[in-house]
Amino acid sequence: MNVAKPLEFDNDRHLVWANLYSDERTPPLWEQAMVTLWFFLTFFPIPGASPVLYLLMASMLGIFAMDKEVIFPVLLKSWPLLLLPAFGILSFMWSPHSSAAFREGVLHALTAIVAVVIASRMGIRYVLRCLMIASWLAALYIFPHGEFSVNGPYGSKNFVALQMTFMALLSFLCILNKRELIWLRIAAALFVPLGAYIVLSADSATSLVFVIVGPLALVGAKIFWVDIASDKFTRTWLLLIAVILFLSAMLVLLIFPVGGMEDAFLNLLGRDRTLTGRTTIWMAGRVVQDQHPIFGTGLAGFWNPENGAAQSINFYDFKPAGTKLSFHNAYMEVRVHLGWIGFWLYVVSWSWCSFRIIKTWLTSRHIEASFLIIAMVLVFVSTFTESWAFSTFMTPVNLLFMGAIATLGGSRKQLVGKVPVVIAPESGTRSFAVTP
């Protein structure tokens, strides 16, 4: 309880108004197990898991119906997440594959709804715990496959590397988090090197950078933002120093030529300026954007076997005919399928999520908020080289959505109201007894 100013006084007692807060909801074990299973089955594709996924989806919607008094208000507050899916559903009217477009739009909507259900029922600490355990199970599942540098078990080494980067960062977060269970923190110490090994074996440039920089950023956030900066005054000074350092770095980059620096960085990672052929795919994507500028091709309207442009990309990318690729750029993926309208709706959802996560980070004293900032930056960087941030039920989308919804959920501590409280000194001591 937070005590307000006194209302009445006598010689020994003070009558005050106090803010009464509800306790933070602790989700039951069965619910944590269900969410962990959901994250595990969506972390990597598992053959034959579709019936279980449908059952879990029905369970999530059932929880929504039973707890609608708590969840529905959170869904209304999260309306920016539903704009793009709604427009995607409408794209069945101009997509060459109407049924597939409608289905894909519904999946985008369900991605946001499931995120709202989970974040409304449990706090972000429990969400990240369930996601971490699911990532451990996924790592143990894929590890025997090996050969991560040649696309691994799922046809995309970059996808495997990104997922394992999240696993390593979640495990490192658990180690630093004093509020976590001790046995989980001990187990997490074993999975951090496993995640780093898989990322290194997969030879993915972006993930390799983040699996090194991410833990360093978490340690810095733990020391300077969580432990040292315990008051707003200190945090303000730290933010000012960070802004000054960032602007100084930008000034250096503007003054000195960066072409050589870019080449040196790419050479260090074993890459060239074509970004492993992505620039060729982007040129083809720009042609499609110009052909369908406002509404796009509609969801499921480009990557299909009868589309000659898509099959040309497969040919020049040495992929079998009919392969469903991506443009390796989330913004181009949105532009091609949903045009300028979809692009700006996507920017609105990204802006809302970023605002919510940054706002939580500025006011929270827990390390989970700092992790969400780092995860948001990782996802944002990946949008320029991969399309996973415009997908359904994927880890980058889950982290972005649930991080934004975390402080809107019904599981968090909330102000119930004000109650009168009598504060009286105890006999013979300087302490006070509080009586509602």
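Glu-180 and Arg-129 are both buried, where buried means under 20% relative accessible area, exposed over 50% and partly exposed in between (1.4 Å probe, protein chains only). The model is predicted: local features need pLDDT of at least 70, side-chain atom pairs count only at pLDDT 80 or more, and totals for chains, interfaces and linings use all residues. Residues are numbered from 1 along each chain as its sequence is written, and side-chain values use heavy atoms, with hydrogens and water left out.

**Salt bridges**

The side chains of Glu-180 and Arg-129 form a salt bridge with an N to O distance of 3.1 Å; the term stands for a side-chain nitrogen of Lys or Arg within 4 Å of a carboxyl oxygen of Asp or Glu. Glu-180 sits in the loop between helix H7 (157-176) and helix H8 (182-202), while Arg-129 belongs to helix H6 (residues 124-142), so the pair ties together parts 51 residues apart in sequence. Helices here are DSSP runs (H or I, at least four residues), as strands are (E, at least two), numbered from the N terminus.

The search of the whole structure finds 5 salt bridges. Three of the pairs are tabulated here.

| Pair | Closest N to O distance |
|---|---|
| Glu-180 and Arg-129 | 3.1 Å |
| Arg-179 and Glu-368 | 3.0 Å |
| Lys-68 and Glu-69 | 3.9 Å |

Arg-179 pairs with Glu-368 through a salt bridge. This pair links distant parts of the chain, with Arg-179 in the loop between H7 and H8 and Glu-368 in helix H15 (residues 367-382), 189 residues apart. Arg-179 is partly exposed at a relative accessible area of 31%, whereas Glu-368 is buried at 2%. Glu-31, Asp-67 and Arg-121 are joined into one network by salt bridges that share partners.

In the pair of Lys-68 and Glu-69, Lys-68 counts as partly exposed at 44% relative accessibility, and Glu-69 is exposed at 56%.

**Helix H2**

Helix H2 (residues 50-66) contains 17 residues and reaches 24 Å from its first C-alpha to its last, close to the 24 Å expected at 1.5 Å a residue. The expected span is 1.5 Å times one less than the number of residues. Its buried residues include Leu-56, Met-57, Met-60, Ile-63 and Phe-64. Viewed down the axis of H2, the buried residues fall within an arc of 120 degrees, so they line one face of the helix; the arc is taken over the directions from the helix axis to the C-beta atoms. Pro-51, Tyr-54, Leu-55 and Met-66 are exposed on the other side of H2. The buried residues of H2 pack against helix H1 (29-43), helix H3 (68-77) and helix H5 (98-121).

**Two buried helix residues**

Thr-111 is placed in helix H5 and is buried at 2% relative accessibility. Its side chain reaches the backbone nitrogen of Phe-393 at 3.3 Å. Not counting residues up to four places away in sequence, Thr-111 touches Thr-392, Phe-393, Val-397 and Phe-401, contact being heavy atoms within 4.5 Å.

Val-288 lies in helix H12 (residues 278-291) and counts as buried at 5% relative accessibility. Leaving aside neighbours within four places in sequence, Val-288 is in contact with Thr-297, Phe-302 and Val-336. Val-288 and Gly-339 are 51 residues apart in sequence and 9.8 Å apart in space, C-alpha to C-alpha.

Technical notes:
Polar contact = N/O pair within 3.5 Å; in protein donor to acceptor, adjacent residues only side chain to side chain.
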